[in-house]
Amino acid sequence: MAQLDWNDRYSGPDYVYGTEPNSFLAENIERLSGPVLSIAEGEGRNAVFLASRGLSVHAVDGSEIGLAKATKLAERSGVNIEMQVANLEYYEPQESAYNTVVSIYAHLPSLTRQKLYPLLIRSLKPGGICILEAYSENQVGRGTGGPSDLNLLMTCSKIESEFSGLETVLLHEIIRDVHEGKFHTGMASVIQFIGRKRA
């Protein structure tokens, strides 16, 4: 989706992916520590959850409307989050700045991933964790969320190739029931990945 499309999607009063955190992220909170970089953060649900657990969070998204709603959600929740509007195609995070990188349903073109993912790895401190959940290629046709373009969807082999600089802690494709707002609802095929930067 182009940036203007995301602004349009986020322009209504509702939080289109809900205000509760992604369940895979929540289930693994004990593995995570701050500072955290959360890419494609959207309307702030995951960043607010992380901040509510005492972690410092830098949230990045291409939509200023999404991040404005994230700011409001953070204020209502009594937490502070550093927000940055940035096009992920050109984004360069600070080197060795984060203990955790979060990528939840950040469906990016392969050329963008091939440029961004090495920079995400570089942004992690030694021993840092990357946690990712994304719809898999097998999600096409299910009608329960995610893009239809295979280039934007993930496979385990794509993860192994594109995050080859990380040690794999967990990597699998599963079918699970996703209920995260009106656009992510129902049984879905997802890739879940946790990788660690070697110390």
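This passage looks at S136 and at the strands β5, β6 and β7 in a predicted model.

S136 sits in the loop that runs between β5 (124-135) and α6 (156-162). Despite being a loop residue, S136 is buried, because its relative accessibility is just 1% and the cut-off for buried is under 20%. Its side chain has two polar partners to report here. One is the backbone nitrogen of N138, which the S136 side chain reaches at 3.0 Å. The other is the side chain of S189, in a polar contact of 2.6 Å. S189 turns up again among the residues that S136 touches, once residues up to four places away in sequence are set aside; the rest of that set is L153, M154, E173, V190 and I191.

That brings the picture to strand β7, which covers residues 185-196. Nine of its twelve residues are buried, so β7 is largely enclosed by the rest of the structure.

As for strand partners, β7 pairs with β5 in the antiparallel sense, over seven bridges. Within this pairing, C130 stands opposite G195 in β7. Strand β6 (residues 167-179) also runs antiparallel to β7, and here twelve bridges join the two. H172 is found opposite Q192 of β7. β6 and β7 form a hairpin with five residues between the strands, and in this hairpin G181 takes a positive phi near 75°.

Note on methods: Residues are numbered from 1 along each chain as its sequence is written. This is a predicted model: local features need pLDDT of at least 70, side-chain atom pairs count only at pLDDT 80 or more; totals for chains, interfaces and linings use all residues. Side-chain values use heavy atoms; hydrogens and water are left out. Helices (H or I, at least four residues) and strands (E, at least two) are DSSP runs, numbered from the N terminus. Buried means under 20% relative accessible area, exposed over 50%, partly exposed in between (1.4 Å probe, protein chains only). A polar contact is a pair of N or O atoms within 3.5 Å; within protein, one must be able to donate a hydrogen and the other to accept it, and residues adjacent in sequence count only if both atoms are side-chain atoms. Contact means heavy atoms within 4.5 Å. Two strands pair if DSSP finds at least two bridges between them.
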